[in-house]
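Student: Can we go through this one by asking how each label is earned? I'd like to see the value put next to the rule every time.

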Amino acid sequence: MGGQSPIPSFHFTTSETDAPFDAWQSLVEILFESHPSKQTSESSTFQADLLAYHFGTFLLCRSIADGGRYRRTTARLAWDDLDHIIVSCIQRGRVALSTPAFRRLRPGDVAVLDLSTPVAFVLEAVEAVHLIIPRAALPASVAPVQPIHGRVLPEDNAMGVFVGKFVEALSAAARHFGQSDVIAVGASIPDLLASCLGPSDVLTTTGRKENLGRRLRRYIEENLHRNDLTSSRLTRELGISRSQLFRQFQTTGVEAYIRRRRLRRSLLALCDPRWADRRIGDIAHDMGFEDEAHFSRTFRQAFGLSPRAIRAATRQADSSAADGTFRPFSGGTFSDWVMELRTD
C-alpha cells in the first residue's frame, strides 16, 4: 500500500520475484485470465509493474507489462460477477484485440472494454493508464444494461486525444492530491468521462433473465433518492416476481443493499467540497433518508464517525483526522479494491 499520501495507493512489481509472470498472473486474475505470449514464454525474463490509486468511485491504474495473452470467456462470465467498464489509454507498445473483433491499437488510442462481455487481446511491451469504473457509476447512455462490445477512440479523434491527455494528467497528479481533492475528483470524473465518451450504441444484447442483476442495480442507483424505493416498487417497476428479486440479493438482502448504497452515496456527498454548504439533513433527504437522526445513527454504525465528524475531517485536509483516522477507501488488496467497486 502507499505511504503517507492521502490517496490510497497500491504498487506491484515483478522485479524481485522468482516467477514474475506467475506473480503477475495472480495479480490480474481478478480481471482477466492470462497466459504468456511467444515473446514472454520465458517466465523468468518477464517484467511488469502496476500502480493503482483508489478514488472511491473508480480506480486509476498505470501498468507496464512485457506482454501476454489476456481474455474473459463466456464460461468465466457465468460465475464472474464483475460489472465494470475499463477505459485504457495506450501510452506505448502494441495491443491486438481479437474479441469482440480484430483491431490493432496504437499509442494514443483509447479502448473501452466491458467486463460483462467476452474479450481477448494480446499485449507486446505495453504501458497504459486505465480507469476502472463500475457500470452503475456511468449514465445508462454510456454504459447501458446490455453488454457493449469494445469501443475504440483512435489517437486522431478529438475525444480520444482529450481523454488520453486528461487521464495521463490525472495519473501524474494523483500522488499530490489531498483527501478532499480525492473525494471531489472521484465524484466528478465519471460524469466528465461520460460526456467525453458520449452515447454508446449497443452492439449486442442478451436475454432478460441474464441482464436482471444489472437492470436491478441500474434502477436502484438511479432511484436512491426515492423514499419509496422498496421491494414492492422494484418488482412492480421491473416486472419481476419477489422470488426473482430476492435471489439477486440472497447474500445481503434487498433493503440492506439499498441502505448501503445510500450510505455510500451520502459519504461521497459529505466529503465533496461542492456540497460543503448543504445541510446534512438535506443531504440525507436527497439520498432517500426521511429522518436525519436515524440517518446519523446508521451512518456512524457504517463508517465509525458521525456525518458531521466526517465532513469536519475532510475540511481539515492536513489534519491527522483527515489523513489517518478517516480514510474511507483504504485497506485491502488490489483484488479487494476491484471487488469493492461493485455496487453491492
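Student: Why is Phe-177 called buried?

Tutor: First, keep in mind that this is a predicted model. Phe-177 has a relative accessible area of 17%, and buried means under 20%, so Phe-177 counts as buried.

Student: And what makes Phe-55 buried?

Tutor: Its value is 0% relative accessible area. That is under the 20% cut-off, so Phe-55 is buried.

Student: How many aromatic pairs does the whole structure have?

Tutor: A search finds 13. One of them joins Phe-55 and Phe-177.

Student: Why is the pair of Phe-55 and Phe-177 called edge-to-face?

Tutor: Two numbers settle it. The ring centres are 6.0 Å apart, and the rule asks for centres within 6.5 Å, so the rings pair. The planes stand at 80 degrees, and over 60 counts as edge-to-face, so that is the label.

Student: What makes you say the pair ties together parts apart in sequence?

Tutor: Look at where each ring sits. Phe-55 lies in the loop between E3 and E4, while Phe-177 lies in the loop between helix H3 (158-173) and helix H4 (179-197). Those parts are 122 residues apart in sequence, so the pair ties them together.

Student: Why is the pair of Tyr-70 and Phe-121 called stacked?

Tutor: The centres are 5.4 Å apart, with 15 degrees between the planes. Planes under 30 degrees apart count as stacked, so the label fits. Tyr-70 is in strand E4 and Phe-121 in strand E8, so this pair ties together parts that are 51 residues apart in sequence. Both residues are buried, too.

Student: Which residues do ring pairs link into a cluster?

Tutor: Phe-289, Phe-295, Phe-299 and Phe-303.

Student: Back to the strands. Why is strand E3 described as largely enclosed?

Tutor: Count its residues, 48-54. Of those 7, 5 are buried, so E3 is largely enclosed by the rest of the structure.

Student: How do you know that E4 is mostly covered?

Tutor: In E4, 10 of the 14 residues are buried.

Student: How do you know that E3 and E4 pair?

Tutor: Two strands need at least two bridges to pair. E3 and E4 have 7, in the antiparallel sense, so they pass. For instance, Leu-51 has Arg-62 as its bridge partner in E4, and Tyr-53 has Leu-60. The two strands also form a hairpin with 4 residues between them, and Gly-56 in the turn has a positive phi of about 90 degrees.

Student: Which strand pairs with E3 through His-11 and Leu-51?

Tutor: That's strand E1 (residues 9-13), which pairs with E3 in the antiparallel sense over 5 bridges. His-11 stands opposite Leu-51 in E3.

Student: What about E4 and E8: how many bridges join them?

Tutor: There are 13, and the strands run antiparallel. One example is Gly-68, whose bridge partner in E8 is Leu-123. E4 is also joined to strand E2 (residues 33-35) by 3 bridges, again antiparallel, and there Ser-34 has Tyr-70 as its partner.

Student: Now the cavities. How many are there of 30 Å³ or more?

Tutor: The structure holds 2. The largest has about 380 Å³ of space. It is lined by 23 residues, and Phe-32, Ser-63, Ser-88, Phe-121 and His-130 lie nearest its centre.

Student: Which strand supplies the largest share of that lining?

Tutor: E8 does, with 6 residues. Strands E4 (59-72) and E5 (84-99) are among the elements that each supply at least two.

Student: What is the lining of the largest cavity made of, by class?

Tutor: It has 20 nonpolar residues, 3 polar and no charged ones.

Student: One last thing: why do Cys-61 and Cys-89 count as buried?

Tutor: Cys-61 has 3% relative accessibility and Cys-89 has 2%. Buried means under 20%, so both count as buried. As for disulfides, the structure holds 0.

Methods:
Residues numbered from 1 in each chain as written. Predicted model: local features only at pLDDT ≥ 70, side-chain atom pairs only at ≥ 80, totals over all residues. Heavy atoms only, no water. Disulfide = S-S within 2.5 Å. Buried < 20%, exposed > 50% of the residue type's maximum accessible area, 1.4 Å probe, protein only. 1 Å grid on protein atoms, 1.4 Å probe; cavity = no way out; pocket = protein on both sides within 12 Å on 5 of 7 lines; lining within 4 Å. Points joined across faces, edges and corners; volume = space filled by probe spheres on them. Nonpolar A, V, L, I, M, F, W, Y, C, P; charged D, E, K, R; others polar.
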